[in-house]
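Reader: I would like to go through this model and ask why its parts get the names they do.
Author: Here it is.

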Amino acid sequence: MQISLEGRKVAVAGGSRGIGRSIALAFAAEGSDVAICGRNEQSLSVADFELKQFGYAVFSMACDLGEARAPARFVAEAAGALDGIDVLVNNASGVGMMDDEIGWRASVNIDLMATVRATQAAIPFMEKAGGGVIINIASISGLMAVPRSLPYAALKAALINYTMGQGLALAPKRIRVNAIAPGSTEFPGGVWDDRKTSNPQLYQRTLNSIPWGRFGTPEEIANVALFIASELGSWVTGQTIVVDGGQSLV
């Protein structure tokens with residue numbers, strides 16, 4: 001059996017760069033129609049161009065998912081452009097690192113509430129289609145104590161619990177809800193790409209902590225998203241799948 005996602009309507013909230021971009025491209029490569037949103041219009045435009053090379057329907061929208069109305073607006077416009085939504089990927093993160101009002105507000109508004117709001121907006125479209133798949137991008141930080149990024153870790157933990165609850169609540173509607181918890185993942189312009197020069201000691205210490213001996217790639221996260229969304233993952237719901245090269249085992 002092969003993964004088959006042809007004709008699926010996929011919305012990726014936070015899909016203009018990094019893991020979100022790779023997930024959007026992976027779905028498009030499998031024949032899905034894809035909608036993405038992001039704050040940076042330049043990276044959004046580049047991702048939009050890349051997606052259109054596959055020849056399927058593409059919708060892109062510039063928005064700040066930390067704004068209360070933005071997630072529902074993106075979902076509604078994506079559904080209109082693609083004629084429905086079968087798969088929602090909640091990928092956006094405020095990356096709240098500091099234990100202050102700014103850090104906590106960013107994590108609450110984006111990592112958690114943007115996910116909640118987009119999910120609530122997508123459910124009616126999935127019900128109309130007879131079911132669907134929601135994938136939340138969490139982090140291994142939500143599974144352990146991470147003092148240097150308290151807001152980020154705490155809200156990713158909340159997201160993991162939310163995934164379990166929604167997996168149970170939405171099962172009767174044939175909507176599967178799962179999360180992916182990536183380990184340290186490196187890509188151009190990302191956090192670890194920046195820390196390679198801004199904090200080389202932390203970069204090397206983190207690299208040394210990964211049993212596989214390297215950082216992960218966005219494409220490796222995208223491959224798991226494809227599995228979860230496909231019929232191969234049809235009996236998986238309410239779960240968080242760790243993708244980290246063994247990093248969380250140390």
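Author: The model is predicted. Before the sheet, one definition: two strands count as paired if DSSP finds at least two bridges between them.

Reader: What makes strand S1 and strand S2 a pair?
Author: S1 (residues 9-13) and S2 (residues 33-38) are joined over 5 bridges, in the parallel sense. The definition asks for at least two, so they are called a pair. Ala 11 stands opposite Ala 35 in S2.

Reader: What is the order of the strands in the open sheet?
Author: The order of its 7 strands is S3-S2-S1-S4-S5-S6-S7, and the pairing is parallel.

Reader: Why are strand S3 and strand S7 called edge strands?
Author: Strand S3 (58-62) and strand S7 (240-243) each pair on one side only. On average, neighbouring strands of this sheet are turned by 15° against each other, direction ignored.

Reader: What is Ile 23 in contact with, leaving aside its neighbours within four places in sequence?
Author: Val 12, Val 89, Ile 137, Ala 222 and Ala 225. Contact means heavy atoms within 4.5 Å, so each of these residues has a heavy atom within that distance of one in Ile 23.

Reader: How do you know that Ile 36 is buried?
Author: Ile 36 belongs to the largest nonpolar core, which has 29 residues. Such a core is a set of buried residues, and buried means under 20% relative accessible area, so Ile 36 is under 20%.

Reader: Which elements give two or more residues to this core?
Author: They are S1, helix H1 (18-29), S2, helix H2 (41-52), S4, S5 and H8. Apart from this core lies another, of 28 residues, including Val 75 and Ala 92.

How values were computed
Residues numbered from 1 in each chain as written. Predicted model: local features only at pLDDT ≥ 70, side-chain atom pairs only at ≥ 80, totals over all residues. Heavy atoms only, no water. Helix = DSSP H or I, 4+ residues; strand = E, 2+ residues; numbered from the N terminus. Axes fitted to C-alpha atoms, helices over the stretch in contact; angles between N-to-C directions. Core = buried A, V, L, I, M, F, W, Y, C linked by side-chain atoms within 4.5 Å. Buried < 20%, exposed > 50% of the residue type's maximum accessible area, 1.4 Å probe, protein only.
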